[in-house]
Amino acid sequence: MDIPQIQKQFRSFVSERDWDRYHTPKNVAIALSVEVSELLEIFQWMTDKETIALDRDSSRFSRIREEFADSMLYLLRFADLLDIDIEQAVLDKLAKNEEKYPVELSKGDFVKYSERDTTGKP
């Protein structure tokens, strides 16, 4: 995926429509939240089993792809507006998560590290 090219294309899309004034970091973050909510809405009443067994050729899956793409575009636009180096931000966060969630304390357990007592128990 050529992220800079996609950001450039989206930047042009926005500029051609004179939408730059609306694409502030705050507004794009809000738009991102709305798009992710639309993605969640598709899954709202589905069982876990149904979500795992989604038919890739269904109209529902097509809607999921579209909402995912909308969300991704807003994430890319947000990074573009704030000049966030996406790769570095992701690598930094992965490294931080490695420290916060060591395997010996986290493996097979959903309880957050900060919710444990000094013995490591929830």
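1. D92 counts as partly exposed in this predicted model, because its relative accessibility is 45%, a value that falls between the limits of 20% for buried and 50% for exposed. The residue lies in helix α5, which covers residues 86–100, and together with D83, D85 and E87 it forms a negative patch on the surface.

2. D83, another member of that negative patch, is found in the loop between α4 and α5. It counts as exposed because its relative accessibility is 69%. When you look at the backbone here, note that D83 has a positive phi of about 50° although it is not a glycine.

3. D18 may be read alongside D83, since its phi is also a positive value in a residue other than glycine, near 55°. D18 lies in the loop between α1 and α2, and, with a relative accessibility of 44%, it counts as partly exposed.

4. Y22 is likewise found in the loop between α1 and α2, where α1 covers residues 3–16 and α2 covers residues 25–43. With a relative accessible area of 46%, Y22 is partly exposed, and it joins F13 and W19 in a nonpolar patch on the surface. Taken together, the three residues of this patch have about 290 Å² of accessible area.

5. Which residue in helix α2 is buried yet has no salt bridge? It is E35, which lies in helix α2 and for which the nearest side chain of opposite charge, that of R63, is 11 Å away. A salt bridge needs a side-chain nitrogen of Lys or Arg within 4 Å of a carboxyl oxygen of Asp or Glu. If neighbours within four places in sequence are left aside, the contacts of E35 are with E67, D70, S71 and Y74.

6. R77 is found in helix α4, and it counts as buried because its relative accessibility is 4%, with the limit for buried set at under 20%. Apart from neighbours within four places in sequence, R77 is in contact with F10, R11, V14, D20, H23 and V28. A reader following these contacts in the structure might begin with D20, which is one of the residues that R77 touches.

7. L54 is found in the loop between α3, residues 48–52, and α4, residues 59–81. Is this loop residue buried or exposed? L54 counts as buried, because its relative accessibility is 13%. Not counting residues up to four places away in sequence, L54 touches F43, M46, R60, F61 and I64.

8. F61, which is among the residues that L54 touches, has its place in helix α4 and counts as buried at 18% relative accessibility, a value to be read against the limit of under 20%. Leaving aside neighbours within four places in sequence, F61 is in contact with L54, D55 and R56. As for T51, F61 and T51 are ten residues apart in sequence, and the distance between them in space is 9.9 Å, taken from C-alpha to C-alpha.

Note on methods: Residues are numbered from 1 along each chain as its sequence is written. This is a predicted model: local features need pLDDT of at least 70, side-chain atom pairs count only at pLDDT 80 or more; totals for chains, interfaces and linings use all residues. Side-chain values use heavy atoms; hydrogens and water are left out. Patches are made of residues with over 30% relative accessible area and no salt bridge: like charges are joined within 9 Å, nonpolar side chains (Val, Leu, Ile, Met, Phe, Trp, Tyr) within 5 Å. Accessible areas come from the Shrake-Rupley method with a 1.4 Å probe; for residues, only the protein chains shown count as cover. Lys and Arg count as positive and Asp and Glu as negative; His and the chain ends are not counted. The place of a charge is taken as NZ of Lys, CZ of Arg, CG of Asp or CD of Glu. Helices (H or I, at least four residues) and strands (E, at least two) are DSSP runs, numbered from the N terminus. Buried means under 20% relative accessible area, exposed over 50%, partly exposed in between (1.4 Å probe, protein chains only). Contact means heavy atoms within 4.5 Å.
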